[in-house]
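I opened the model and kept notes on each thing I looked up. The entries follow in the order I made them.

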Amino acid sequence: VIIMGGLLATAEANLIIRAIFSQFRLLPFNPDNSEHDQRSYNAGRIIGYIERLMIFLFVLGNQFSGIAVIIAAKAFTRFKELDDREFAEYVLIGTLLSTLLAILAAMGINLLL
């Protein structure tokens, strides 16, 4: 059940986030520099998987302060890039959706256990 929840929090949540971004046209691509943006986009997806899995495990283990550490580390590594308002909004929306979906998945698994 925990493995199922971890998969839900990572892979399935990624599909939901991408659908929401697509629906609201919040895609991160810059047509003038598509190769760089594609690499950044793929790296962001991997970071998102790891982020959601860690949040999922922290919620299961009642270690909620770990979530703050993840979000602080993410903000620290992207600090200079956050000067670009459009990018900052994209990252914030993605982080909030990612966190919400991981927490919901963990709460659902907690109910099953």
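**Helix 4, length.** I began with helix 4, in what is a predicted model. Helix 4 has 28 residues, and at 1.5 Å a residue these should span 40 Å. I found its end C-alpha atoms 41 Å apart, which agrees with the expected span.

**Helix 4, burial.** I then asked which residues of helix 4 are buried. The list runs Tyr-90, Val-91, Gly-94, Thr-95, Leu-97, Ser-98, Thr-99, Leu-101, Ala-102, Ala-105, Ala-106 and Ile-109. For reading such a list I kept in mind that an α-helix has 3.6 residues a turn, so residues three or four places apart point the same way. At the other extreme I noted Glu-86, which also lies in helix 4. Glu-86 is exposed because its relative accessible area is 63%, and the cut-off for exposed is over 50%.

**Largest core.** Next I looked up the largest nonpolar core and found 10 residues in it. They are Ala-9, Ile-55, Phe-56, Val-59, Ile-67, Ile-70, Ala-102, Ala-105, Ala-106 and Ile-109. Helix 2 (34–60), helix 3 (65–77) and helix 4 (85–112) each supply at least two residues of this core. Which helix gives the most to it? Helix 4 does, with four residues. I also recorded a second, separate core of eight residues, which includes Ile-17, Tyr-41, Val-91 and Leu-101.

**Ile-109.** I picked one member of the largest core and listed what it touches. Setting aside residues up to four places away in sequence, Ile-109 touches Val-1, Ile-2, Met-4, Gly-5, Phe-56 and Leu-60.

**Thr-99.** I checked a polar residue of helix 4 as well, and Thr-99 is found there. Is Thr-99 buried or exposed? Its relative accessibility is 10%, so with the cut-off for buried at under 20% Thr-99 counts as buried. Its contacts, without residues up to four places away in sequence, are Glu-51, Ile-55, Ile-67 and Ile-71.

**Salt bridge.** Glu-51 came up again when I searched for salt bridges. How many does the structure hold? I found one. The side chains of Lys-74 and Glu-51 form it, at 2.8 Å from N to O. Lys-74 is in helix 3 and Glu-51 in helix 2, 23 residues apart, and the pair links distant parts of the chain. I looked up the burial of the two partners: Lys-74 is buried, and Glu-51 is buried too.

**Surface patch.** I then turned to nonpolar residues on the surface. Val-1, Ile-2, Met-4, Leu-112 and Leu-113 form a nonpolar patch there, with about 530 Å² of accessible area together. Met-4 is in helix 1 (residues 2–23), and Ile-2 is found in helix 1. Ile-2 is partly exposed, since its relative accessible area is 43%. Apart from neighbours within four places in sequence, Ile-2 is in contact with Phe-56, Leu-60, Ile-109 and Leu-113. Of these contacts, Phe-56 and Ile-109 belong to the largest nonpolar core, and Leu-113 belongs to the surface patch.

**Positive phi.** I scanned the backbone for unusual phi values. Most residues other than glycine have a negative phi. Arg-25, although not a glycine, has a positive phi of about 55°. Where is Arg-25 placed? Arg-25 is in the loop between helix 1 and helix 2, and at 74% relative accessibility Arg-25 counts as exposed. Asn-62, another residue other than glycine, has a positive phi near 55°. Asn-62 is found in the loop between helix 2 and helix 3, and at 52% relative accessibility Asn-62 counts as exposed.

**Distances.** Last, I took some C-alpha separations. Glu-86 and Arg-52, 34 residues apart along the chain, have C-alpha atoms separated by 23 Å. For Met-54 and Ser-22, 32 residues apart along the chain, the separation is 25 Å. Met-54 lies in helix 2 and is partly exposed, with a relative accessible area of 36%. Ile-2 and Ser-65 are 63 residues apart in sequence, and I have them at 21 Å, C-alpha to C-alpha.

Methods:
Residues numbered from 1 in each chain as written. Predicted model: local features only at pLDDT ≥ 70, side-chain atom pairs only at ≥ 80, totals over all residues. Heavy atoms only, no water. Core = buried A, V, L, I, M, F, W, Y, C linked by side-chain atoms within 4.5 Å. Buried < 20%, exposed > 50% of the residue type's maximum accessible area, 1.4 Å probe, protein only. Contact = heavy atoms within 4.5 Å. Patch = residues over 30% accessible without salt bridge, like charges linked within 9 Å, V, L, I, M, F, W, Y side chains within 5 Å. Areas by Shrake-Rupley, 256 points an atom, 1.4 Å probe, with all protein chains shown as cover. Salt bridge = Lys/Arg side-chain N within 4 Å of Asp/Glu carboxyl O. Expected span 1.5 Å × (residues − 1).
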